[in-house]
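Visitor: I'd like a quick walk through this one, mostly the sheet and the charged pairs. Could you put it up and take my questions?

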Amino acid sequence: MPDMENALYVVATPIGNLGDISLRALETLRGVDLVACEDTRHARHLLDHHSIKVPTLALHQHNENEAAEKLVRLLGEGKAVALVSDAGTPGVSDPGARAVAAVRAAGFRVIPLPGPNAAIAALSAAGLSDPRFLFVGFLPAKVGARRTAIRELGAVDAALVFYEAPHRVVETVGELVELLQSQREIVIARELTKLFEQIERMPLADAPAWLAADANRQRGEFVLVVSGPPPREDMDVETERVLATLLAELPVKQAAKLAAEITGQPKNVLYARALALKARDL
Ligand code: SAM
């Protein structure tokens with residue numbers, strides 16, 4: 001193995017199936033002086049599986065700044081260091097960004113080794129025809145903030161990709177059904193690359209019943225992909241006039257609510273249109 005360059009290698013690791021690791025990732029993990037990882041036991045499992053004996057250093061959400069300083073020191077001594085997270089690509093809904101920023105600021109090279117990522121894996125098997133997607137990751141945990149986020153996302157002209165934990169998936173899916181347009185579809189991708197992998201596409205409105213039909217469907221790790229909004233039918237002139245008038249005086253949510261009462265049009269459609277009108281006027 002040639003000498004490794006004095007750099008930080010950001011290495012994507014499997015999201016379930018231990019075989020999903022690139023030859024370059026294995027060569028790099030074998031060659032570096034140290035592997036910084038979210039959970040040392042978790043990383044050790046992967047390293048042992050490939051008979052890689054390299055020291056590890058914990059770098060997680062709660063010690064990222066101190067650990068980053070250590071990485072910079074080691075790089076200053078000419079070492080080669082790898083960064084991995086528990087699963088998938090570091091820095092994607094995982095620690096790593098702050099360490100990468102510190103290393104870059106200190107003038108060292110950061111070399112990405114692309115590989116597994118749950119969002120991309122789900123999208124690749126979703127078969128949606130949307131030309132664009134927005135990676136949302138985890139929605140806010142607090143109900144109010146989460147509902148606001150979903151409403152705002154409803155106006156984005158792209159498929160939406162969410163990460164969700166099993167204890168919240170039913171609630172989140174219920175809110176997606178309530179707050180997004182009913183013509184949208186959802187792909188529920190759970191346990192990707194693992195024994196009980198399941199990837200199901202259905203109309204958004206059918207998702208709560210699908211989840212409720214079998215408790216096993218609510219277990220494991222989830223990516224939710226929601227297809228983009230249906231092509232906007234042009235709103236009739238009168239509805240748009242009412243909405244625009246209210247919007248000139250009121251916040252988006254209130255304007256949409258009142259416009260829905262006055263015109264009889266669906267509130268979520270008016271909300272999405274109000275956000276678009278507002279964005280146009282900014
Ligand atoms: N860095 C990772 C990546 O590149 O995808 C994501 C880490 S984030 C802390 C963990 C979340 O990713 C899980 O809660 C789940 O939403 C999603 N995820 C990770 N592995 C998954 C899998 N095998 N199947 C489905 N979702 C997965």
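**Salt bridges, sheet and surface**

Guide: Let's start with Arg109: this is a predicted model, and in it Arg109 has a relative accessibility of 47%, so the residue counts as partly exposed.

Visitor: Which residue does the side chain of Arg109 meet in a salt bridge?
Guide: Arg109 sits in strand E5, and its partner lies 104 residues away, in the segment before E1. That partner is partly exposed too, because its relative accessibility is 36%. The N to O distance is 2.8 Å, and the residue is Glu5.

Visitor: What is the order of the strands in the open sheet?
Guide: The sheet has five strands with parallel pairing. Strands E3 (56-58) and E5 (109-113) each have a single partner strand, so they stand at the edges. Going across, the order is E3-E2-E4-E1-E5.

Visitor: How many bridges join strand E1 to strand E4?
Guide: E1 covers residues 7-11 and E4 covers residues 81-84, and the two run parallel. One facing pair is Leu8 and Val81, the latter in E4. The number of bridges joining the strands is three.

Visitor: What angle does the direction of helix H4 make with that of E5?
Guide: H4 (residues 97-105) packs on the sheet and touches E1, E4 and E5. Helix H3 (residues 64-76) packs on the sheet as well, and its direction makes about 145° with that of E3. For H4 and E5, the angle is about 140°.

Visitor: Why are Arg241 and Glu238 separated by about one helical turn?
Guide: These two side chains meet in a salt bridge, 2.9 Å from N to O. Both belong to helix H9 (residues 237-249). They are about one turn apart because their spacing in that helix is three residues.

Visitor: Is Arg273 buried or exposed?
Guide: Arg273 forms a salt bridge with Glu240, with the closest N and O atoms 2.9 Å apart. Glu240 is in H9 and Arg273 in helix H11 (residues 267-281), so the pair ties together parts 33 residues apart in sequence. Buried means under 20% relative accessible area. Arg273 has 11%, so the verdict is buried.

Visitor: Which residues form a nonpolar patch on the surface?
Guide: One member is in strand E6 (residues 133-138), namely Phe135. With 32% relative accessibility, Phe135 counts as partly exposed. The patch has about 270 Å² of accessible area together, and its residues are Ile120, Phe133 and Phe135.

Terms used. Residues numbered from 1 in each chain as written. Predicted model: local features only at pLDDT ≥ 70, side-chain atom pairs only at ≥ 80, totals over all residues. Heavy atoms only, no water. Patch = residues over 30% accessible without salt bridge, like charges linked within 9 Å, V, L, I, M, F, W, Y side chains within 5 Å. Areas by Shrake-Rupley, 256 points an atom, 1.4 Å probe, with all protein chains shown as cover. Salt bridge = Lys/Arg side-chain N within 4 Å of Asp/Glu carboxyl O. Helix = DSSP H or I, 4+ residues; strand = E, 2+ residues; numbered from the N terminus. Buried < 20%, exposed > 50% of the residue type's maximum accessible area, 1.4 Å probe, protein only. Pairing = 2+ DSSP bridges. Contact = heavy atoms within 4.5 Å. Axes fitted to C-alpha atoms, helices over the stretch in contact; angles between N-to-C directions.
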